[in-house]
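Here is a short report for a reader meeting this structure for the first time. Please look over the sequence and the model before reading on.

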Amino acid sequence: MARQDFSASSIGVWLIFAAALAGLAVSSFNYLDPQSGIAGEPGTILVIVSTAILTVLAWLMKGGGLRSRFLRRFIALAAILDIAGTALAGYLLHSQSLVILMFLAFLGWIFYAFSSRPAVA
C-alpha cells in the first residue's frame, strides 16, 4: 500500500504544479484565441515556455530524489524567479487569470519553502 504524504511541503508543490499546468493552458489558449488581444504575440510564447519550465521544476521538487541541498535550493530559487517573471509578463499582457494563477503558485512556494521536511537518509 502506497504511503500518502500530505505535508505542507507536498501540498505546496502540488499547488505550484497545478497552477503551472493551468497557466500553461491559459497562455496557450490566449496565444491561439484571436479575441484575447495577445494572440500570436512573442510575449505570449515566452509565458508558454515559462509555465512549461515551472511545471518541470514543480515535478522535480515533488520527485523527492533531490538529495543535494544545493540542487534543491537552486530549483526552489529558479521556481520563485519563474513565478515572479511569469506574473509580471501576465500583468503586462493584461492576463488577469495568469496573474492569479501565479499568485496561487507563489502561495504553494511559500508552503514548500517554509515547511519542515523530513531529513533525507
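## Confidence and overall build

This is a predicted model. In the protein chain, confidence is lowest in helix H2 (residues 42-63), with a mean of 92, and highest in H4, with a mean of 95. The mean pLDDT of the protein chain is 88. Of its residues, 89% reach 70 or more.

The protein chain has four helices and zero strands. Read from the N terminus, its elements run α-α-α-α. The chain has 121 residues, and 35% of them count as buried. Its accessible surface comes to about 7600 Å². Carbon and sulfur atoms hold 71% of that surface.

How much of the contact set links residues 24 or more positions apart? Among contacts in the protein chain with a separation of 6 or more, the share is 69%.

## Three helices by length

The table sets out H1, H2 and H3, with the distance between end C-alpha atoms beside the span expected at 1.5 Å a residue.

| Helix | Length | End-to-end C-alpha distance | Expected span |
|---|---|---|---|
| H1 | 25 residues | 36 Å | 36 Å |
| H2 | 22 residues | 32 Å | 32 Å |
| H3 | 24 residues | 35 Å | 34 Å |

For H1, the distance agrees with the expected span. In H2, the reach is close to the expected value. The same holds for H3, whose reach is close to its expected 34 Å.

## What each helix buries

Start with H1. Its buried residues include Ser9, Gly12, Val13, Ile16 and Ala19. Ser27 and Asn30 are also among them. The buried residues of H1 pack against H2 and H4.

Ser28 lies in helix H1 too. Is Ser28 buried or partly exposed? Ser28 counts as partly exposed because its relative accessibility is 25%, and the partly exposed range runs from 20% to 50%. Ser28 and Val49 are 21 residues apart in sequence. In space, their C-alpha atoms are 9.8 Å apart.

Next comes H2. Among its buried residues are Thr44, Val47, Ile48, Ser50 and Leu54. Leu57, Ala58 and Met61 are buried as well. The cover over the buried residues of H2 includes helix H1 (8-32), helix H3 (69-92) and H4.

Then H3. Its buried residues are Ile75, Ala76, Ala79, Ile80, Asp82, Ile83, Thr86, Ala89 and Gly90. They pack against H2 and H4.

## A closer look at Asp82

Asp82 lies in helix H3. Why does Asp82 count as buried? Its relative accessible area is 11%, and buried means under 20%. Which residues does Asp82 touch, leaving aside its neighbours within four places in sequence? They are Ser50, Ile53, Leu54 and Leu57. Of these partners, Ser50, Leu54 and Leu57 are buried residues of H2.

## A nonpolar patch on the surface

Now turn to the outside. Ile100, Phe103, Leu104, Phe106 and Leu107 form a nonpolar patch on the surface. Together they have about 430 Å² of accessible area. Leu104, one of the patch residues, lies in helix H4 (residues 96-113). Leu104 is partly exposed, with a relative accessible area of 33%. That value fits a patch, because patch residues need over 30% relative accessible area.

How values were computed:
Residues numbered from 1 in each chain as written. Predicted model: local features only at pLDDT ≥ 70, side-chain atom pairs only at ≥ 80, totals over all residues. Heavy atoms only, no water. Patch = residues over 30% accessible without salt bridge, like charges linked within 9 Å, V, L, I, M, F, W, Y side chains within 5 Å. Areas by Shrake-Rupley, 256 points an atom, 1.4 Å probe, with all protein chains shown as cover. Salt bridge = Lys/Arg side-chain N within 4 Å of Asp/Glu carboxyl O. Helix = DSSP H or I, 4+ residues; strand = E, 2+ residues; numbered from the N terminus. Buried < 20%, exposed > 50% of the residue type's maximum accessible area, 1.4 Å probe, protein only. pLDDT = per-residue confidence, 0-100. Contact = heavy atoms within 4.5 Å. Expected span 1.5 Å × (residues − 1).
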